[in-house]
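Please read the following briefing beside the sequence and the 3D view, which come next.

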Amino acid sequence: MTMDNMPNDSTAGRTGNGLDRLITDRPSLPRIAVVATGGTIAGYSSDPAATVGYTAGALDVSELLDSIPEARKMADIVTEQPFSPCSENRTMNERFVLAKTIRRFAANPEIAGIVVTHGTDTMEETAYFLNLTLGTDKPVVLTGAMRPATAIGADGPANLMNAIATAISPDAAGRGVMVVMNDTIVPARSVTKGHTTRVDAFQAIGQSIGVLANGRPEFLLTPTKRHTTMSEFTELDESIGIPQVDIVSCYAEMSEAILETCLSCSDAVVLSAVGDGAFPRKLHPLVHALAGKMPVVRSTRVADGPVVRNGELNDDEYGTIAGNSLNPQKARVLLTLCLMKKMNTCDIIRCFGEY
Ligand code: SIN
């Protein structure tokens, strides 16, 4: 609504906005946890014009919350900061530590939801990992920023505010782990980073499940694939040992060298294949040999669309697994957890259909 078409009400614009409704609708404030893990949302540069070349993860979680004082009127917020390196360094081990932290908060009956601030570069993998390993139906919402906190037009404060509004929404429970960026609520399974710098970088492969307008979340869909309370991966932890699952990018004229290295160095491989799961014919025998030694999943470097079983390749004959509609980085997460559960090929195929 613009100022021109506002109702003639002296309180409009001061008490009539969505945020004020969220604040005053509630008799007591819901309590949430904000778990900070670094990233651009906590980025710092002495140059307010800098949107690249800043120091990510430089600010403390309390400094992030200080930039949005209204948040403390919406929710009673407890914080924790388990780590802060850039998310390109995020390990599976750290993801298990993060899951434990979130589980601890989720088990507390006073906590209504959990917000995780995270670097955007690998946020989609962490979100999907948590979607598969957290056995809670409390809202768990990841957010980040494309511009550092010190930048003109920093997007972090609005994203964090929206993530908190989503985490306290009674409608958010049971929808699995979500990513809130740029006024959009996207389920962990389908969220992906689609631009290197723009604030609208995050997209849904398929559909987002909700939007935020005026600080208020509105949910439109519920994810249908198995997640959180319906997942069989919630008992896993890092003490089992984390397998080395590698992603191999495919292209015309690719050499055998990388796949040959995988034969001796990897526990499983995800092919980031071309099109709907193809790769050069000369590599078919090598992939066959690889799949005889370890699980090999065919995913695709194409942004959207499925890799269908026995489509581009006869998976039954080659021993490979079609990645369905998971992108390579998420296929890697699911495959890692399948290996940790010591699943056979049949069960891994089932999981790539169900999750
Ligand atoms: C990171 O992923 O940690 C740095 C980049 C970002 O947060 O956008």
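Four bridges join strand β5 (residues 178-181) to strand β6 (residues 184-187), and the two run antiparallel; strands here are DSSP runs of E with at least two residues, helices are runs of H or I with at least four, both numbered from the N terminus, and two strands pair if DSSP finds at least two bridges between them. The model is a predicted one, in which local features need pLDDT of at least 70 and side-chain atom pairs count only at pLDDT 80 or more, while totals for chains, interfaces and linings use all residues. Residues are numbered from 1 along each chain as its sequence is written, and side-chain values use heavy atoms, with hydrogens and water left out.

**Sheet**
- Within the β5 and β6 pair, Met 181 stands opposite Thr 184 of β6.
- Both strands belong to an open sheet of eight strands with mixed pairing, in the order β2-β1-β3-β4-β5-β6-β9-β10.
- At the edges lie β2 (76-80) and β10 (216-219), each of which pairs on one side only.
- Neighbouring strands of this sheet are turned by 25° against each other on average, direction ignored, where axes are lines fitted to C-alpha atoms, for helices over the stretch in contact, and angles run from 0 to 180 degrees between N-to-C directions.

**Helices on the sheet**
- Helix α5 (residues 123-133) lies across β4 and β5 and runs at about 175° to β4, contact meaning heavy atoms within 4.5 Å.
- Helix α4 (residues 92-107) lies across β1 (31-36), β2, β3 (111-117) and β4 (140-143), at about 155° to β3.

**Cavities and pockets**
- On a 1 Å grid over the protein atoms alone, a cavity is a set of points where a 1.4 Å probe fits but cannot get out, a pocket is an open set with protein on both sides within 12 Å along at least five of seven lines, and lining residues have an atom within 4 Å of a point.
- Grid points are joined across faces, edges and corners, and a volume is the space filled by probe spheres set on the points.
- A search of the whole structure finds two cavities of 30 Å³ or more, and the largest has a volume of about 60 Å³, with a lining that includes Asn 131, Arg 175, Pro 187, Arg 189 and His 227.
- The second largest cavity, of about 40 Å³, has Ile 205, Asp 304 and Asn 327 among its lining residues.
- The largest pocket has a volume of about 310 Å³, and of its 18 lining residues, Pro 187, Arg 189, Ser 190, Ile 205 and Gln 207 lie nearest its centre.
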